[in-house]
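Welcome to a set of exercises with worked solutions. Keep the sequence and the 3D view side by side, and try each task before you read on.

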Amino acid sequence: MTSVSVRYIVSEVDAAIGFYCGLLGFDEVMHPSPTFAMLRRGELRMVLSAPGGGSGGGQAMPDGTAPTPGGRNRFQLEVADLAETVAELRASGAHFGPAHRGPGSAVRRDGVKSASTQAQPA
């Protein structure tokens, strides 16, 4: 059973599926329409919606404002080798914002370094 769900608004659901499944190890659970998909990685369920995609996360607000990609939702994935994963993502064309250090970015007691950054599909 999935314990955490995150909805992301994306401009192209098919491209997002390729990015998350092809590069970050998610599995496609369902993709019933061009504007909606559900992915899974362990206990994380990611729901992808395109703006204007009908009912659900892609629909406009009551005032007519459409949702837009690039909101402030964030999630973390644990990887065996951060530098290698970042290199693979960059090689595939992913773009990264600057790494942030501070609260939420630390060296854990087990020696694992973490940094907060944002990867975007090419």
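**Exercise 1. Find the residues that Ser49 touches, leaving out those up to four places away in sequence.**

Step 1. A contact means heavy atoms within 4.5 Å. With residues up to four places away in sequence left out, Ser49 touches Arg7, Tyr8, Ile9, Val10, Val13, Thr35, Phe36, Gly57 and Gly58.

Step 2. Place the residue: Ser49 belongs to strand β4. Helices (H or I, at least four residues) and strands (E, at least two) are DSSP runs, numbered from the N terminus.

Step 3. Is Ser49 buried or exposed? Buried means under 20% relative accessible area, exposed over 50%, and partly exposed in between (1.4 Å probe, protein chains only). Ser49 has 3% relative accessibility, so it counts as buried.

Step 4. Look at the side chains: those of Ser49 and Arg7 are joined by a polar contact of 2.6 Å. Such a contact is a pair of N or O atoms within 3.5 Å; within protein, one must be able to donate a hydrogen and the other to accept it, and residues adjacent in sequence count only if both atoms are side-chain atoms.

**Exercise 2. Decide how far to trust the model.**

Step 1. This is a predicted model, in which local features need pLDDT of at least 70 and side-chain atom pairs count only at pLDDT 80 or more, while totals for chains, interfaces and linings use all residues. Residues are numbered from 1 along each chain as its sequence is written, and side-chain values use heavy atoms, with hydrogens and water left out.

Step 2. pLDDT is the predictor's confidence in each residue, from 0 to 100. Its mean for the protein is 77, and 70% of the residues reach 70 or more.

Step 3. Confidence is highest in strand β2 (residues 27-33), with a mean of 95, and lowest in strand β6 (residues 119-120), with a mean of 55. Over residues 103-117 pLDDT stays under 50, and the model has 24 contacts beyond four places in sequence for them.

**Exercise 3. Work out the order of the elements and how the strands pair.**

Step 1. Count the elements: the protein has 2 helices and 6 strands. Along the sequence they follow the pattern β-α-β-β-β-α-β-β.

Step 2. Two strands pair if DSSP finds at least two bridges between them. Strand β1 (residues 4-9) runs parallel to β4, with 6 bridges, and Arg7 has Val47 as its bridge partner in β4.

Step 3. Strand β3 (residues 36-41) also pairs with β4, in the antiparallel sense over 6 bridges. Here Arg40 is matched with Arg45 of β4. These two strands form a hairpin with 2 residues between them, and Gly42 in the turn has a positive phi of about 60°.

Step 4. Now go to β2, which is antiparallel to β3 and joined to it by 4 bridges. Ser33 stands opposite Phe36 in β3, and a hairpin through 2 residues links β2 to β3.

**Exercise 4. Explain why strand β4 is largely enclosed by the rest of the structure, then find the largest nonpolar core.**

Step 1. Strand β4 (residues 44-49) has 5 of its 6 residues buried, so the rest of the structure largely encloses it. In the protein, 23% of the 122 residues count as buried.

Step 2. A nonpolar core is a set of buried Ala, Val, Leu, Ile, Met, Phe, Trp, Tyr and Cys residues joined through side-chain atoms within 4.5 Å. The largest one has 18 residues, and Tyr8, Tyr20, Phe26, Leu39, Met46 and Leu48 have the most contacts inside it.

Step 3. At least two residues of this core come from each of β1, α1 (13-24), β3 and β4. The most come from α1, which gives 6 residues.

Step 4. Check one core member: among the residues that Leu39 touches are Ile17, Tyr20, Phe26, Met46 and Leu48.
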